[in-house]
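Visitor: I'm new to this one and would like a close look at a single part. Could you take me slowly through the surface around the RNA, and then show me what sits beyond it?

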Amino acid sequence: MIDLKQLRENPEHVQARLKTRGEFDLTPILELDRQQRELEVERSQLQARSNEIGKRVGQKMKSGAKPDDPEIQSLRDEGNDVKAKLSELEPQEKDLKAQLEAILLTIPNVPSDTTPLGKNEDENVEVKRWGDEYLPKNSDILPHWEIGETLGILNFERSARIAQSRFVTLIGAGAALERALIQLMLDKQIAAGYTEISPPYLVNTASLTASGQLPKFADESFKCDRDDLWLTPTAEVPVTSFHRDEVLSSDELPKHYCAYTPCFRREAGSYGRDTRGLIRLHQFNKVELYKFVHPDTSEAEHQTLLRDAEAILQALKLPYRVIELCTGDLGFSSTKTYDLEVWLPSSGKYREISSCSNCKDFQARRGNIRFKEAGKKGTQFVHTLNGSGLAIGRTMSAILENYQQPDGTVQIPDVLQPYLGRDVL
RNA sequence: GGAGAGGUGGCAGAGUGGUCGAAUGCGCUCGACUUGAAAUCGAGUGUACCGAAAGGUACCGAGGGUUCGAAUCCCUCCCUCUCCGCCA
């Protein structure tokens, strides 16, 4: 949620920054805010009078006055008048607040001043490339789903029978490979200082709202209608809400978490795209990195988060590049995002395998996640950051393709061999 | 799923209609005493919103209601605990 106070004080600036990612009209917000505060003043004055009346009646009664004492009678009458007025104002104010909140929840985060300007993904900026020396030499590389089906480790047809299209079943060494990758990634991130958590995979509406998936992107998540529960689209959701409505102490910060979870996405509106393989499934696994940090450190923490995600690709010797998203391509909650894109030789393209974002106080505000500095008055919102470290399915497809041998077998990256107990598929 | 008990400040725990944002204890902060510490004594110690400030308002699980006045009474919901049932 954007900072209403900041918007009030500096509407032009906020408006201008938001404009770099699309059209958002903030004037209704300012107008509702003005009306709401006006009502609030009036209401709280009435409330004050009502409290005073209540107090006076109490004093009178205590000093022995009868309930039918004329002064008590007249105070009661006034109390009733005040109550009548309040019962008009209160719902009005509530309604304004609800309207304001509803609009605010649909406004995306304000891009960082350092985020490159641009309309869409074509204007993203390549920051670096890594691992050119590991680019596969052979030219006749099959797509990973063909490799996987030939090896008998992936099955899409039966998965459609079990569930639908865009699901996969892993068999034998395929299942083991996935498990090995999860273990490798968790081990590495834990060694890098992240605390592993394994959260619920069903999350409530408040949790999805806190991290920014709701209210705007309801179509993207699977919902269990009877229970106000949703299948989590990313571990970012449960981990954000792990500390929802908490006041942390500043010396607990930063908090670094990693979480392995399945992720469920409806992929509405992408029917034609990536219909084959492991790239775009309704269910996939991911190891997520997540940080709750002091605002002063969030930019530095963003860089180390990126490095921690990159370390996995480097360990697996998978060629990749780092892209910085431009303002027009930024995710809803993010102020600044780096995508890691891994080389997929069958399509001759780099494909997103991780997205590392600094959400600053946007999610903290929605989730009411604050911290208190000893000796300082009041509380501040933490900054939150998240990034994949990494998406498992996409990592598997990258391994199958980049490590494919001319004879159709697949070499296992050195670092993964001890986890898998074999060096070739 | 059935029956019962309960949700109060950082924690423990009082408060069953009146000046209660809330006793008391612990904790924490500052000060005194002490060579230092412990113990003891004194003062302080929630958050949010509105306001330039003075100050005001709200918050005792959440939402509604009764009342001049609700932590306290009524209704609905959520959560926790105990017993029974079911189950990995």
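Guide: Happy to, and let me start with a small stop on the way: α7 and α10 make a right-handed crossing. Keep α7 in mind, as we'll come back to it later. One thing to know before we go on is that this is a predicted model.

Now to the part you asked about. There are 27 residues around RNA strand B, and those that come nearest are Glu 40, Arg 43, Gly 54, Lys 94 and Thr 379. If you look at the RNA's side of this meeting, sugar and phosphate make up 65% of the strand B atoms that come within 4 Å of the protein.

Let's pick out some individual contacts. Arg 37 has a side-chain N or O atom 3.3 Å from a phosphate oxygen of RNA strand B. The bases get their share too. At Gly 54 it's the backbone that takes part, with an N or O atom 2.8 Å from a base nitrogen of the RNA strand. At Arg 76 it's the side chain, where an N or O atom sits 3.5 Å from a base nitrogen of RNA strand B.

Stepping back a little, which elements give two or more residues to this surface? They are α1 (4-9), α3 (27-62), α4 (70-104) and β14 (370-372). Of these, α3 gives the most, with 16 residues. As for the kinds of residue you'll find near RNA strand B, 12 are charged, 10 are polar and five are nonpolar.

Since α3 and α4 both turn up there, have a look at how they sit together. Their axes are 8 Å apart and the packing angle is about 155 degrees. An angle over 145 degrees counts as roughly antiparallel, so that's how α3 and α4 run relative to each other. The crossing of α3 past α4 is left-handed. Where these helices touch, the contact has 16 nonpolar, 13 charged and seven polar residues.

Now zoom out to the whole of chain A. It's divided into domain 1, residues 27-104, and domain 2, residues 121-420. Measure between the C-alpha centres of domain 1 and domain 2 on your screen and you'd find 50 Å.

Here's where α7 comes back. Helix α7 (residues 173-191) packs with helix α10 (residues 298-315) at an angle of about 135 degrees, and their axes are 10 Å apart. That makes α7 and α10 oblique to each other. Helix α7 also meets helix α12 (residues 392-402): the axes come within 10 Å and cross at roughly 115 degrees. So α7 and α12 are roughly perpendicular, and their crossing is right-handed.

Before you go, a few backbone details are worth a glance. Most peptide bonds are trans, and most residues other than glycine have a negative phi. With that in mind, look at the peptide bond from Leu 214 to Pro 215, which is cis, with omega near 5 degrees. Pro 215 lies in the loop between α8 (205-211) and β6 (223-224). Another cis bond runs from Gly 389 to Leu 390, with omega near 10 degrees, and Leu 390 is placed in strand β16 (residues 383-391). Last stop: Asp 245 isn't a glycine, yet its phi is positive, near 60 degrees. You'll find Asp 245 in the loop between α9 (236-242) and β8 (247-249).

Terms used. Residues numbered from 1 in each chain as written. Chains lettered and ligands numbered in written order. Predicted model: local features only at pLDDT ≥ 70, side-chain atom pairs only at ≥ 80, totals over all residues. Heavy atoms only, no water. Near = heavy atom within 4 Å. Polar contact = N/O pair within 3.5 Å; in protein donor to acceptor, adjacent residues only side chain to side chain. Helix = DSSP H or I, 4+ residues; strand = E, 2+ residues; numbered from the N terminus. Nonpolar A, V, L, I, M, F, W, Y, C, P; charged D, E, K, R; others polar. Domains from an automatic or database assignment. Axes fitted to C-alpha atoms, helices over the stretch in contact; angles between N-to-C directions. Parallel < 35°, antiparallel > 145°, perpendicular 65-115°, else oblique. Left-handed = near helix turned anticlockwise from the far one by under 90°.
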